Amino acid sequence: MNHRWIVMTAAFSDDGSKAIQRSTCILENTSRTSFEEADVVYEIEKTCSFITDHGFKKVALQFPDELLIDASAVVSKLEKNTAAKLFILGDTSYGSCCVDEVAAEHLEADGIVHYGRACLSPSRRLPVMYVFGQKPVDVHQCAASFRALYPDKCTRVIILCDVIYSYVLEELQQLLHQDYENLVVSTICSSQNEATDPCGTDGFLGGGDIDSCSTVRSFSHSCNQVISKFGRHFTISANSDVKDYSMFYVGQESLTLTNFMMTWNQCSFCSFDPVKGVGRRETLNVNRALMKRYYMIERAKDAQVVGILVGTLGVADYLSTIGHLKSIVKRAGKKSYTFVMGKLNAAKLANFMEVDIYVLVACPENSLLDSSEFYRPVITPFEMEVACNQAREWTGEYITDFRDLLPGACCHVEFPDETFDGEETDVSLVTGALRTTHLAKSDWQNKESSTSLIHRNDALAITQSHSAASFLATRSWQGLEQKLGETSVSKAVEGRKGIAIAYEGEDTH
């Protein structure tokens, strides 16, 4: 028995030598860029021009985890050519693909340089420059994989890519355009204000006003139409549609590819993995994925308490989207609570058991969260709107950009006029129970708006069902209770000292 106790004591009171001697693992896909290559990969000259031309005094440099290894070298080169004070933003509040304007504003930065992968979601507070980097690609192997996947030379194909491989698109087009007459190569445009210029890829993004529908805009240009979505621009013939084309993606399996496949779910996808050097037909069953998302919509229709998760503080119009969600949830007869908790995990969300479902307001790439391990489902703003707005029907079309749902945007659908008196109900496809779909206009406008004062009755203090308060009343443990006036007053005494394994004065044998 004594021997076992000695072993446990050693495990809890280690001198730390093992931790000091333990080797650390380098992050996957992390490698240091040589000092000479950094000028090209990190576009040092272009970044210096961005800082000096705008006269910035303080600039925040945002690096993802896999590029932090090169941060000191980049800062050293920039400091030699600019007089600005530079800050490194390492651990972002949310996804590293989004510009962390909040952290930059805490440092009183005048502008931001964002390095690595980016979702290209528009921001409005600070000027931003994107530096994607240049991951190695065997362009000839990519072209060979393309020819093997599309043997028919008349096939209509649109080439998309991850932003870190965008520098090879021009060379890839030169290798393929003579053989494929219907080939369309997209361009990366990090400035949403340049939607009318598909070739405007200078990487500068101003903080000015942005059309709420710019991310999905199409317009005529000569005899063609230009599609602008997710920071990608491509031109197709005026008498055709995007669903008439196949998609070829250059990049590894990622959230970017999933976002494309869900948005253009009527198109077939193939991809080329630059790391493995192989091409393949994407076998993701989009119909099965859409069926799973529709099941989430049915869960949202059953929900009475909705948690709105703030998953971004930098994407334009995120506050308007939160307000819009609160409005449609209220008009559907549900209760909503807003949560700001940084990066999400199952443990955080499990603390709020009274919430039936969560809706995540985030960039298009981070909004499709796999919530299979979560206690409650996490859905997108589009799915929440389908559940609450009867005028929006489920057609298989999927919208990942929440800005497209706002009033005045291209995909906005108005709530139907409340010409009926009372509530509308239907039957849940999940539970088979009767549920309320949405309230009459007079009901949701007056709901919880009463300011009348009445005498408090503790027995009837909680009268509204399906709220956090009513859920708390049913729990056996409701937290610490004050019990004012019910406990006797005692003099403070000195407590025990030490650690839990061996307090001072405690017999350890």
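**Cavities, a pocket and two helices in a predicted model**

The structure holds four cavities of 30 Å³ or more. A cavity is a set of points, on a 1 Å grid over the protein atoms alone, where a 1.4 Å probe fits but cannot get out. This is a predicted model, in which local features need pLDDT of at least 70 and side-chain atom pairs count only at pLDDT 80 or more, while totals for chains, interfaces and linings use all residues. Residues are numbered from 1 along each chain as its sequence is written, and side-chain values use heavy atoms, with hydrogens and water left out.

The largest cavity contains about 90 Å³ of space, a volume being the space filled by probe spheres set on grid points joined across faces, edges and corners. Its lining has 13 residues, those with an atom within 4 Å of a point. Tyr94, Cys98, Val99, Asp100 and Leu313 are the closest to the centre of the largest cavity. By class, this lining has five nonpolar, six polar and two charged residues (Ala, Val, Leu, Ile, Met, Phe, Trp, Tyr, Cys and Pro count as nonpolar, Asp, Glu, Lys and Arg as charged, and the others, Gly among them, as polar).

A pocket, by contrast, is an open set with protein on both sides within 12 Å along at least five of seven lines. The second largest pocket has a volume of about 630 Å³. Of its 27 lining residues, Pro64, Asp65, Glu66, Ser96 and Arg117 are the closest to the centre. That lining divides into nine nonpolar, nine polar and nine charged residues.

Helix 11 covers residues 318–331 (helices are DSSP runs of H or I, at least four residues, numbered from the N terminus). Its 14 residues should span 20 Å, at 1.5 Å times one less than the number of residues, and the end C-alpha atoms are 20 Å apart, which agrees. Among the buried residues of helix 11 (under 20% relative accessible area, 1.4 Å probe, protein chains only) are Tyr318, Ile322, Leu325 and Val329. Just after helix 11, glycine 333 takes a positive phi of about 80°.

Arginine 147 is found in helix 7, residues 139–149. With a relative accessible area of 30%, arginine 147 is partly exposed (between 20% and 50%). Arginine 147 touches Leu175, Leu176, Asp179 and Tyr180 (heavy atoms within 4.5 Å), not counting residues up to four places away in sequence. Arginine 147 and aspartate 179 are 32 residues apart in sequence and 9.3 Å apart in space, C-alpha to C-alpha.

Definitions and conventions. Helices (H or I, at least four residues) and strands (E, at least two) are DSSP runs, numbered from the N terminus.
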